[in-house]
Amino acid sequence: MKKKGTKNITFTQRIQIETLLNAGLSKTEIAEKVGLSLASIYRELQRGQYERKKVKYTNWFGDKTYKYIVSYSAQIAEDRYRMNMTACGAPIKLGNDFDFVNYVEKRILKDKLTPCAVVGEIKKHKMFRTDISKTTLYRYIEQGIFLHLKLSDLPFYKGKKRYRKTVIKRAPRGTSIEKRPPEILNRNTFGNWEMDCVVGKKFSRDVLLVLSERLTRYEIIVKMPNRKSDTVVKTLNKLERRFGRDFRKVFKTITVDNGVEFSDFCGLEKSIYNGKRTSVYYCHPYSSCERGTNERLNRDIRRHLPKGTDFTKYTDEQIQFVEDWVNDYPREIFGYSTSRERFFEQLARL
């Protein structure tokens with residue numbers, strides 16, 4: 001009889017069953033010799049059951065009459081066992097929800113969202129009957145469940161970036177980030193921004209000035225003709241005119257790196273309406289992590305404007321499209337609300 005803890009029936013055991021059965025042994029005797037329970041023998045015989053044709057008799061003229069008898073085949077039983085094993089595990093949750101599949105493929109391939117953002121958006125608005133987690137969606141993509149969507153199509157699907165050790169040789173150009181109010185680090189207050197330049201094609205002049213609000217992750221993108229410090233100051237002057245007297249409330253602080261484009265410390269802080277418009281703080285050299293929000297949102301910009309893009313070929317309307325896309329992106333950290341929604345909630349409180 002089968003002992004406790006015995007594994008599934010092997011192909012060798014199936015051949016033994018077929019041989020003993022053809023030798024005329026009873027099912028009980030077969031169970032004893034093979035080392036299985038009688039119930040296992042009955043189930044195994046049913047698994048490998050098939051009908052075969054056998055000559056019943058032959059008349060004087062040589063005509064044969066056939067009959068069909070039920071027999072057992074070890075190979076058929078093994079094939080059926082292997083086929084049943086392929087169905088093990090949790091079933092695919094997508095079912096026949098083709099609208100869900102098409103929507104996921106469109107949002108990731110065309111609209112450049114991450115699987116996490118797509119799942120959060122669907123859950124928030126209850127758009128489909130299919131309900132899966134972001135982990136399950138990533139696994140389905142990896143397994144090739146989707147027809148047009150592969151793992152290599154996902155944003156940020158790259159190897160780990162290697163960093164080289166750098167040596168700091170000079171102090172910041174203005175007020176150091178060490179003197180920045182510590183509460184800004186906790187992201188509990190509105191109006192603290194990070195600023196950077198996104199460079200395009202090599203030897204091209206046009207660049208993008210990007211400002212990222214730390215609390216709401218709201219992004220402002222402005223195309224500039226060059227990276228000169230006076231051009232950055234002029235761009236901030238335009239933003240100040242756009243927000244008017246509320247600029248000081250919306251832009252309480254701006255954190256920048258030590259690039260030459262931000263070297264005019266006094267010009268960055270001085271208001272066009274006289275007095276001081278904001279407080280500018282400089283990160284430590286080679287410490288882009290101190291502008292983490294800026295660097296993270298720059299990755300989103302690169303989805304539409306990858307490295308090597310010639311910004312001279314892009315109009316202000318096309319740059320505005322990228323800015324709107326970043327600000328309307330459903331973010332997991334906000335419960336899949338958008339940065340635009342959070343930003344204007346904060347403006348309404350001012």
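Okay, one bit of bookkeeping before we start: when I say two residues touch, I mean heavy atoms within 4.5 Å. And keep in mind that this is a predicted model.

With that cut-off, let's look at Leu154. Which residues does Leu154 touch, leaving out those up to four places away in sequence? The answer is Ile108, Pro115, Tyr138, Ile141 and Leu149. Leu154 itself sits in a loop, the one running between helix 7, residues 134-143, and strand 3. Is Leu154 buried or exposed? Buried counts as under 20% relative accessible area, and Leu154 comes in at 9%, so it's buried. There's also Lys112, which is 42 residues away from Leu154 along the chain, and yet their C-alpha atoms are separated by 8.2 Å.

Follow that loop along and you get to strand 3, residues 192-199. Of its 8 residues, 7 are buried, so the rest of the structure largely encloses this strand. Now for its partners. Strand 4, residues 207-213, runs antiparallel to strand 3, and 7 bridges join the two. If you want a register marker for that pair, take Asp196, which stands opposite Val210 in strand 4. Strand 3 also pairs with strand 6, this time parallel, through 3 bridges. There, Glu194 is opposite Thr255.

Keep going from strand 6, residues 253-256, and you reach strand 7, again parallel, with 4 bridges between them. Thr253 is the residue facing Ser279 in that pairing. Strand 7 covers residues 279-282, and its side chains alternate: Ser279 and Tyr281 point one way, Val280 and Tyr282 the other. All of these are buried, whichever way they point.

Right, back to the start of the chain, and helix 1. That's residues 11-22, so to speak a 12-residue helix, and from first C-alpha to last it reaches 17 Å, close to the 16 Å you'd expect at 1.5 Å a residue. Which residues of helix 1 are buried? Gln13, Arg14, Ile17 and Leu20. Looking down the helix axis, the buried residues fall within an arc of 130°, so they line one face of helix 1. What does that buried set pack against? Helix 2 (27-34), helix 3 (38-47), strand 2 (64-72) and helix 4 (74-85). Over on the other side of helix 1, Thr12 and Asn22 are exposed. And one for the backbone people: after helix 1 comes Gly24, with a positive phi, near 95°.

That's my tour, thanks.

Methods: Residues numbered from 1 in each chain as written. Predicted model: local features only at pLDDT ≥ 70, side-chain atom pairs only at ≥ 80, totals over all residues. Heavy atoms only, no water. Buried < 20%, exposed > 50% of the residue type's maximum accessible area, 1.4 Å probe, protein only. Pairing = 2+ DSSP bridges. Expected span 1.5 Å × (residues − 1). Arc of directions from axis to C-beta.
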